[in-house]
Amino acid sequence: MNTSTRWLKRQMVTAMVLGGLIAGSLAPLASAQNGNEGNGRGNSPDGPPGLDGDGPGNSNGNGQGKEKENGNNGQGNGSNNGKQRSKDLLTVVAKPSTGTAAIVPVLPGDEANNWRYVSCLPAGSSPSLIFPFEFKLTNENGVAGDEATVELDPSGRLAELTTVPAAFKILDNGVMQPREVKVNALNLADGAYTLNVHVRATPQRSVESTHKMVHIHLLVGRACGGDSDDSSGSGTGSGSGGSSVPTPTEGGFFTDGDFNLLENCAGADVATNTGGTFEIVARSQSNVISSTNPGNFFLNMLWKNDNADKNVTIDLSAVNLVPRGANAVHAGQFTTTGFTSNEDNFEMVGDDGAPCGPQGPCTVKVGANKTLWVSWHLTLSRKGESAAGISTTCADATTLPISATATLKDKDNNNAQLTTTTVSAKGYVK
């Protein structure tokens with residue numbers, strides 16, 4: 001099945017997204033490097049050296065530091081405790097919407113720096129909404145006059161019905177700039193409608209944003225009560241539908257990076273942990289494996305915590321697969337009530353989930369009545385090897401197997417195993 005066909009299949013189903021994602025926070029802002037032994041000197045020429053463990057002081061830090069303190073915490077009066085961020089800080093503030101409904105944004109304590117709007121609307125609503133945002137860039141790197149470019153990028157079911165402002169420039173002078181995102185839709189059928197507004201600030205090497213995404217959820221008609229007959233996602237005025245994987249609230253499955261499920265030999269989606277297939281591309285002359293279709297695989301593992309909070313250790317292993325990226329593993333969690341394994345949640349785990357390195361292990365605290373989603377980005381390890389002996393027919397027994405296993409353990413209970421799942425698939429030469 002080609003990519004466009006798979007995309008169309010994926011757009012046919014939508015699901016309500018409820019609950020907050022507990023995820024990793026923004027990357028920590030870098031601070032000035034600590035000085036070496038006897039090297040904690042203020043930046044001005046008259047700053048005397050500090051002692052072992054001192055950090056560099058500011059230009060006003062002209063006093064001698066104490067051990068393990070910054071150079072300007074001694075007799076001088078330097079500012080910022082001798083530390084300095086390496087990036088300017090873009091502050092993003094969401095304000096109450098105007099128009100059809102006044103929706104007050106919230107910043108849940110269990111969510112990683114993402115504003116969230118949630119509202120229930122009557123069946124057949126035609127919302128016309130304006131979501132005001134405020135942006136402010138402050139000088140945190142000690143270099144005044146820097147400029148950044150801010151772009152708002154919409155995704156999700158409401159994206160085609162959304163107008164965002166053009167990319168704009170902002171100076172690090174602390175002056176607030178208002179912008180508006182507008183959503184206009186007609187006669188929405190019962191269902192859950194999601195809009196994710198990604199905040200992209202460049203150049204990335206010199207700008208860090210306080211909030212990298214704003215989530216907007218409009219629940220229409222029976223969806224407000226957790227029920228919707230709009231399973232096709234094709235309601236009038238809905239734009240393109242979201243995707244929903246028909247899996248239980250626990251277990252594992254493979255997808256590609258666009259949350260497309262693998263298919264079996266008959267071309268049907270595989271939402272369970274076995275039966276998926278993939279294509280292997282080999283060079284015609286040398287018969288050496290060069291790539292796969294899909295090119296990347298994601299192990300998705302779901303587990304529901306029905307009991308008290310737990311510190312859960314995630315152990316991972318794979319056969320014929322290797323991690324893709326320094327933080328190939330991400331772990332996020334959602335309120336179990338109303339949770340669905342859909343594309344929006346998949347993206348939220350990848351964007352905001354706590355990073356766990358290339359292959360773990362790592363430990364995350366999973367709240368009571370939360371569903372943990374572990375995502376592991378993988379690619380075939382056999383690239384560059386001969387494809388000899390691998391079947392050219394999907395159903396043959398000589399296909400190339402791949403598998404990934406995720407095991408969860410209760411760290412506070414002698415690492416007792418909570419659950420484990422292995423997801424497998426087979427590749428054939430196309």
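Let me start with the residues around the largest cavity, which is lined by Phe253, Phe254, Leu262, Val270, Thr272, Asn273, Thr274, Gly276, Val423 and Ser424. Please keep in mind throughout that this is a predicted model. A search of the whole structure finds one cavity of 30 Å³ or more, and about 40 Å³ of space lies in the largest cavity. If we sort the lining by class, we count five nonpolar and five polar residues, with no charged residue among them. Two strands, E12 and E23, each give at least two residues to that lining. As general background, rolling a probe the size of a water molecule over the atoms shows where empty space is left.

One of the lining residues, Phe254, leads us to the next topic, the nonpolar cores. The largest nonpolar core has 35 residues, and those that touch the most other members are Phe254, Leu299, Ile314, Leu372, Trp376 and Ile402. Many strands take part in this core, for E13, E15 (297-305), E16 (310-319), E18 (329-335), E20 (362-366), E21, E22 and E23 each supply at least two residues. There is also a second, separate core of 33 residues, and its members include Leu121, Leu129, Phe168 and Val197. In general terms, nonpolar side chains in soluble globular proteins tend to be buried together.

Which residues does Leu372 touch, if we do not count residues up to four places away in sequence? The list holds Met301, Leu302, Trp303, Ala331, Gly332, Gln333, Val364, Val366 and Leu408.

Three of those names, Met301, Trp303 and Leu408, come back when we turn to Thr419, which, leaving aside its neighbours within four places in sequence, is in contact with Met301, Trp303, Ala406, Thr407 and Leu408. Thr419 sits in strand E23, which covers residues 416-429. Is Thr419 buried or partly exposed? Its relative accessible area is 22%, and because buried means under 20%, Thr419 counts as partly exposed. Between Thr419 and Leu408 there are 5.4 Å in space, C-alpha to C-alpha, although the two are eleven residues apart in sequence.

Now to the cysteines. A disulfide is, in general, a covalent bond between the sulfur atoms of two cysteines, and this structure holds two of them. In one, Cys265 is joined to Cys394, with 2.1 Å from S to S, and the angle of -85 degrees about the S-S bond makes the link left-handed. Why can we say that this pair ties together parts that are 129 residues apart in sequence? Cys265 lies in the loop between strand E12 (251-255) and strand E13 (276-282), whereas Cys394 lies in the loop between strand E21 (370-380) and strand E22 (400-410), so the bond reaches from one loop to the other. The two ends also have their own surroundings, since Cys265 is partly exposed at 45% relative accessibility, while Cys394 is buried, with a relative accessible area of 15%.

The other disulfide joins Cys356 to Cys362, with 2.3 Å from S to S, and the torsion about its S-S bond is about 75 degrees, so this link is right-handed. Here Cys356 is buried at 8% relative accessible area, and Cys362 is buried at 14%. Counting the bonded cysteines along the chain, the pattern is 1-4, 2-3. I will end with one further cysteine, Cys120, which is partly exposed, with a relative accessible area of 44%.

Methods
Residues are numbered from 1 along each chain as its sequence is written. This is a predicted model: local features need pLDDT of at least 70, side-chain atom pairs count only at pLDDT 80 or more; totals for chains, interfaces and linings use all residues. Side-chain values use heavy atoms; hydrogens and water are left out. Helices (H or I, at least four residues) and strands (E, at least two) are DSSP runs, numbered from the N terminus. Buried means under 20% relative accessible area, exposed over 50%, partly exposed in between (1.4 Å probe, protein chains only). Contact means heavy atoms within 4.5 Å. A disulfide is a pair of cysteine sulfur atoms within 2.5 Å. On a 1 Å grid over the protein atoms alone, a cavity is a set of points where a 1.4 Å probe fits but cannot get out, and a pocket is an open set with protein on both sides within 12 Å along at least five of seven lines; lining residues have an atom within 4 Å of a point. Grid points are joined across faces, edges and corners, and a volume is the space filled by probe spheres set on the points. Ala, Val, Leu, Ile, Met, Phe, Trp, Tyr, Cys and Pro count as nonpolar, Asp, Glu, Lys and Arg as charged, and the others, Gly among them, as polar. A nonpolar core is a set of buried Ala, Val, Leu, Ile, Met, Phe, Trp, Tyr and Cys residues joined through side-chain atoms within 4.5 Å.
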